[in-house]
Amino acid sequence: MKQFISILLIAGFGILALVEQSKSHPNQYIMIGAMAVFMFGLFRLMKKIPSKKEDEDDTKI
C-alpha cells in the first residue's frame, strides 16, 4: 500500500512538471519543486527494487 501511494505521488508530480513546462511562462519554482520531489520519489522507490546483477552473482557461486 505504501509503494502504491508513492507511485501515485511520483506520477502526480511528474505530470505537474510536464503541465507546468507546457505553459508559455512556466513558474520556475514549481518546476524545480516538482522535479525534486519526482527524483527523490524515484530514488526511494528504486532502493526497494532488487538488482538483477545481484541475482546473477548469487547463481554463479
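In the predicted model, Glu-20 has a relative accessibility of 5% and therefore counts as buried, the limit for that class being under 20% relative accessible area. The side chain of Glu-20 meets that of Lys-23 in a salt bridge, with a distance of 3.3 Å from N to O. The partner in this pair falls into another class of exposure, because Lys-23, at 44% relative accessibility, counts as partly exposed. The count of salt bridges in the model comes to 1. Glu-20 lies within the span of helix H1, which covers residues 2–22.

The secondary structure as a whole comprises 3 helices and 0 strands, and the elements follow one another as α-α-α from the N terminus on. Of the 61 residues in the protein, 11% are buried. The protein exposes about 5,500 Å², of which carbon and sulfur atoms supply 68%.

A nonpolar patch of about 570 Å² is found on the surface, made by Met-1, Phe-4, Ile-5, Leu-8 and Leu-9. Leu-9, a member of this patch, lies in helix H1 and has a relative accessibility of 49%, so that Leu-9 counts as partly exposed, given that the exposed class begins over 50%. Leu-9 also appears among the residues that line the largest pocket, and thus takes part both in the surface patch and in the pocket lining.

The largest pocket holds about 150 Å³ of space. The lining of this pocket is formed by Ser-6, Leu-9, Ile-10, Val-37, Phe-40, Gly-41, Arg-44, Leu-45 and Lys-48. Helix H1 and helix H2, the latter spanning 28–48, each supply at least two residues of the lining, and the greatest contribution is that of H2, with 6 residues. In terms of residue character, the lining divides into 5 nonpolar, 2 polar and 2 charged residues; Arg-44 and Lys-48 are the charged members, while Ser-6 and Gly-41 count as polar.

Ile-10, another of the lining residues, is likewise found in helix H1, and at 9% relative accessibility Ile-10 counts as buried. Between the C-alpha atoms of Ile-10 and Met-39 the separation is 8.2 Å, although the two residues are 29 positions apart along the chain. The position of Met-39 falls within the 28–48 span of helix H2. The next residue in H1, Ala-11, has a relative accessibility of 37% and for this reason counts as partly exposed. Ala-11 and Gly-41 are 30 residues apart in sequence, and their C-alpha atoms are 9.5 Å apart in space. Gly-41, in turn, is one of the residues lining the largest pocket.

The connection between the two helices was examined at Asn-27, which is placed in the loop between H1 and H2. With a relative accessibility of 33%, Asn-27 counts as partly exposed. The C-alpha atom of Asn-27 is separated by 9.9 Å from that of Ala-17, a residue 10 positions away along the chain. Ala-17 belongs to the 2–22 span of helix H1.

Terms used:
Residues are numbered from 1 along each chain as its sequence is written. This is a predicted model: local features need pLDDT of at least 70, side-chain atom pairs count only at pLDDT 80 or more; totals for chains, interfaces and linings use all residues. Side-chain values use heavy atoms; hydrogens and water are left out. Patches are made of residues with over 30% relative accessible area and no salt bridge: like charges are joined within 9 Å, nonpolar side chains (Val, Leu, Ile, Met, Phe, Trp, Tyr) within 5 Å. Accessible areas come from the Shrake-Rupley method with a 1.4 Å probe; for residues, only the protein chains shown count as cover. A salt bridge is a side-chain nitrogen of Lys or Arg within 4 Å of a carboxyl oxygen of Asp or Glu. Helices (H or I, at least four residues) and strands (E, at least two) are DSSP runs, numbered from the N terminus. Buried means under 20% relative accessible area, exposed over 50%, partly exposed in between (1.4 Å probe, protein chains only). On a 1 Å grid over the protein atoms alone, a cavity is a set of points where a 1.4 Å probe fits but cannot get out, and a pocket is an open set with protein on both sides within 12 Å along at least five of seven lines; lining residues have an atom within 4 Å of a point. Grid points are joined across faces, edges and corners, and a volume is the space filled by probe spheres set on the points.
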